[in-house]
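Here's a quick briefing to read alongside the model. Grab a viewer and follow along, topic by topic.

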Amino acid sequence: MSNLKERAKKLKTDIPAVFLALKEKRTSWYAKIIAAIIIVYALSPIDLVPDFIPILGYLDDMIILPALIALCVKCIPEEVFADCRARAEGLWNNGKPKKWYYAIPFILIWVAFIALIISVFI
């Protein structure tokens, strides 16, 4: 159980660190793309799979986000991410900021999905 708590605490620090790495000049362009996806996904008030869907709703937060962060960390030089992680300590102590415009990509995905379903049945 403590391992899960440690991972959650690390994730709480890694998301702001990825945000800082996104702004870092020493971060490669492909790592910045992955970092941008992570930040949009993490700060969006809407998940790709809504949390009210049993099991699947929380699995996306437990699997997708950590997997994307792990991929992003591998793409960023170690010294750069260590610096970003150190600067990220306590950055979002009051909770992660939630912005409505981060939800736009997910709203568009759901609208396209619903339109696809409607077009199949009509």
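**Thr-27 and the rest of the fold**

Let's start with Thr-27, which is buried at a relative accessible area of 6%. Thr-27 sits in the loop between H1 and H2. Keep in mind that this is a predicted model. The chain has five helices and zero strands, so what you see is helices plus the stretches that link them.

**Overall picture**

- Reading from the N terminus, the order of elements is α-α-α-α-α.
- The chain has 122 residues, and 30% of them are buried.
- If you take contacts between residues at least 6 apart in sequence, 74% of them join residues at least 24 apart.
- The accessible surface is about 8,400 Å², and carbon and sulfur atoms account for 69% of that.

**Around Thr-27**

- A polar atom of the Thr-27 side chain lies 2.8 Å from the backbone oxygen of Ala-21.
- Leaving out residues up to four places away in sequence, Thr-27 touches Ala-21, Lys-32, Ile-76 and Val-80.
- Ile-76, with those same sequence neighbours left out, touches Ala-21, Thr-27, Ala-31 and Phe-81.

**Arg-26, next door in the loop**

- Arg-26 also lies in the loop between H1 and H2, but Arg-26 is partly exposed, at 43% relative accessibility.
- The side chain of Arg-26 makes a polar contact of 2.9 Å with the side chain of Glu-24.
- A polar contact of 3.4 Å links the side chains of Arg-26 and Asp-83.
- Not counting residues up to four places away in sequence, Arg-26 touches Pro-77, Val-80 and Asp-83.
- Arg-26 and Glu-79 are 53 residues apart along the chain, yet their C-alpha atoms are separated by 9.9 Å.

**The nonpolar core**

- The largest nonpolar core holds 22 residues, and the members that touch the most others are Val-18, Ile-38, Leu-65, Cys-72 and Ile-76.
- Four helices each give this core at least two residues: H1 (2-23), H2 (29-43), H3 (56-75) and H4 (78-88).
- H2 makes the largest contribution, with eight residues.

**The two sides of H4**

- Which residues of H4 are buried? They are Val-80, Phe-81, Cys-84 and Ala-88.
- These buried residues cover an arc of only 90 degrees around the axis, so they sit on the same side of H4.
- As a reminder, an α-helix has 3.6 residues a turn, so residues three or four places apart point the same way.
- Glu-78, Glu-79 and Ala-86 are exposed, on the other side of H4.

**Cysteines**

- How many disulfides does a search of the whole structure find? The search turns up zero.
- Cys-72 is in no disulfide, and its nearest cysteine sulfur, on Cys-75, is 6.5 Å away. A disulfide needs the two sulfur atoms within 2.5 Å, so that pair doesn't qualify.
- Cys-84 is in no disulfide either: the nearest cysteine sulfur is that of Cys-72, 9.5 Å away.
- Are these two cysteines buried or exposed? Cys-72 is buried, with a relative accessible area of 0%, and Cys-84 counts as buried at 0% too.

How values were computed. Residues numbered from 1 in each chain as written. Predicted model: local features only at pLDDT ≥ 70, side-chain atom pairs only at ≥ 80, totals over all residues. Heavy atoms only, no water. Buried < 20%, exposed > 50% of the residue type's maximum accessible area, 1.4 Å probe, protein only. Core = buried A, V, L, I, M, F, W, Y, C linked by side-chain atoms within 4.5 Å. Contact = heavy atoms within 4.5 Å. Polar contact = N/O pair within 3.5 Å; in protein donor to acceptor, adjacent residues only side chain to side chain. Arc of directions from axis to C-beta. Areas by Shrake-Rupley, 256 points an atom, 1.4 Å probe, with all protein chains shown as cover.
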